[in-house]
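Reader: I would like to learn how to read a folded chain feature by feature, taking the general idea before the particular case. Could we go through one together?

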Amino acid sequence: FFFFFFFQAEDGIRDAQESRGLGDVYKRQPKKAAAPQGAGNGVYVAKWGSENAEAAKAAFSVCGAITSVQIRRNKFALVFFETAAGAKKAIDTFNGKTVCGSTVTVTPAKTSPKKDAHEGTSVVFVGPYFAESTPRKVLIDLFKSAGKIQKVRTYANHTAFIYYDNAASASKAVKDINGKELNQKTLTVKPSVRSAATDKAKRAHALTTVSYTHLTLPTKRIV
């Protein structure tokens with residue numbers, strides 16, 4: 001009788017409706033993994049071609065409010081909507097159709113949108129910037145119209161990084177200055193993943209590496 005009861009208890013793990021008094025046993029059962037949040041609101045767009053994220057957003061926004069667009073390797077796009085209804089409408093509307101010059105395949109996305117690494121940044125990338133022909137003050141005067149500048153770093157590869165004191169100023173710089181000309185050169189201004197904190201951490205790591213490289217240990221003389 002004892003062994004028969006034990007068998008029923010184990011069997012009760014599989015059938016909660018017929019078992020009694022096995023609360024602790026049920027609690028030990030692994031829970032089903034939850035579906036990735038946002039995955040049901042997105043679509044995978046194959047054969048997207050070389051168009052950028054703005055083109056994808058413009059095309060698919062007719063299906064609903066878009067929260068995120070990601071272009072991968074210029075081959076496919078991931079478009080995420082506020083609701084699952086928007087994703088379904090995108091599939092019904094665009095699957096097998098020509099969008100921005102390419103015949104695309106639109107299917108449900110199996111992933112969730114990734115956080116934009118540039119979100120909230122207060123630093124912008126600028127290029128090209130030729131320090132030899134453009135004084136630093138000219139560069140600063142152009143970009144200070146967007147907000148208070150904390151630091152400017154220029155490099156020999158004709159690029160520069162402008163550090164603002166807040167993210168709103170960086171966004172304004174991208175919006176207002178990107179595409180403008182400076183000394184007959186069209187500027188590319190875009191958000192950077194840099195920050196004063198990450199720069200400081202990199203410098204500290206570099207100093208540690210140099211110190212370790214130059215560390216000499218006493219050696220025992222072999223006679």
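Author: Let us begin with a term that will be needed at once: contact means heavy atoms within 4.5 Å. Please also keep in mind that this is a predicted model.

Reader: With that meaning of contact, what covers the buried residues of α6?

Author: The cover includes β7 (123-127), α5 (136-143), β9 (159-164) and β12 (188-191). The buried residues in question are Ser 169, Ala 170, Ala 173 and Ile 177, in a helix that runs over residues 167-177.

Reader: How should I read the spacing of buried residues along a helix?

Author: An α-helix has 3.6 residues a turn, so residues three or four places apart point the same way. In the present case, the buried residues of α6 are Ser 169, Ala 170, Ala 173 and Ile 177. They cover an arc of only 100 degrees around the axis, which puts them on the same side of α6.

Reader: Which exposed residues does the face of α6 turned away from its buried side carry?

Author: That face carries Ala 168 and Lys 175, both of them exposed.

Reader: And what can be seen at the start of α6, and what follows α6?

Author: At the start of the helix, a side-chain oxygen of Asn 166 comes to within 3.2 Å of the backbone nitrogen of Ala 168. After the helix comes Gly 179, with a positive phi near 95 degrees.

Reader: Let us turn to the strands that help to cover this helix. Is β7 enclosed or open to the outside?

Author: The count of buried residues is what to read here: 4 of the 5 residues of β7 are buried, so this strand is largely enclosed by the rest of the structure. Its pairing can then be followed on both partners, since β7 pairs with β9 in the antiparallel sense over 4 bridges, and β7 also pairs with β12 in the antiparallel sense over 4 bridges. Phe 125 shows this residue by residue, for its bridge partner in β9 is Phe 161, while its bridge partner in β12 is Lys 190.

Reader: What follows for the loop between β7 and α5, where Pro 128 has its place?

Author: For a proline in a loop, the peptide bond before it deserves a look, and here a cis peptide bond joins Gly 127 and Pro 128, with omega at about -5 degrees.

Reader: How do I read a nonpolar core, and which residues touch the most other members of the largest one?

Author: One may ask which members have the most neighbours within the core, and then which elements supply them. The largest nonpolar core has 19 residues, and those touching the most other members are Val 43, Val 45, Trp 48, Phe 60, Val 79, Phe 81 and Val 106. Two or more residues come from each of β1 (42-46), α3 (53-60), β2 (66-72), β3 (76-81) and α4 (84-94), and α3 gives the most, with 4 residues. To see the surroundings of one member, take Phe 81: leaving aside residues up to four places away in sequence, its contacts include Val 43, Phe 60, Ile 66 and Ala 90. There is also a second, separate core of 17 residues, which includes Ala 146, Ala 160, Ala 173 and Val 189.

Reader: How many aromatic pairs does the structure hold, and how is their geometry read?

Author: The structure holds 5 aromatic pairs. The rings of Phe 60 and Phe 94 have their centres 4.7 Å apart and their planes at 55 degrees, so this pair is tilted. It links distant parts of the chain, with Phe 60 in helix α3 and Phe 94 in helix α4, 34 residues apart, and both residues are buried. Phe 125 and Phe 161 instead form an edge-to-face pair, at 5.6 Å centre to centre and 70 degrees between the planes. Phe 125 lies in strand β7 and Phe 161 in strand β9, so the pair ties together parts that are 36 residues apart in sequence. Ring pairs also link Trp 48, Phe 60 and Phe 94 into a cluster.

Reader: Finally, where do Lys 47 and Asn 183 lie, and what should I check in their backbones?

Author: The sign of phi is the thing to check. Lys 47, in the loop between β1 and α3, has a positive phi of about 60 degrees although it is not a glycine, and at 58% relative accessibility Lys 47 counts as exposed. Asn 183, in the loop between β10 (181-182) and β11 (185-186), is likewise not a glycine and has a positive phi of about 55 degrees; with a relative accessible area of 43%, Asn 183 is partly exposed.

How values were computed:
Residues numbered from 1 in each chain as written. Predicted model: local features only at pLDDT ≥ 70, side-chain atom pairs only at ≥ 80, totals over all residues. Heavy atoms only, no water. Buried < 20%, exposed > 50% of the residue type's maximum accessible area, 1.4 Å probe, protein only. Arc of directions from axis to C-beta. Polar contact = N/O pair within 3.5 Å; in protein donor to acceptor, adjacent residues only side chain to side chain. Core = buried A, V, L, I, M, F, W, Y, C linked by side-chain atoms within 4.5 Å. Pairing = 2+ DSSP bridges. Phe/Tyr/Trp six-rings, centres within 6.5 Å; stacked < 30°, edge-to-face > 60°.
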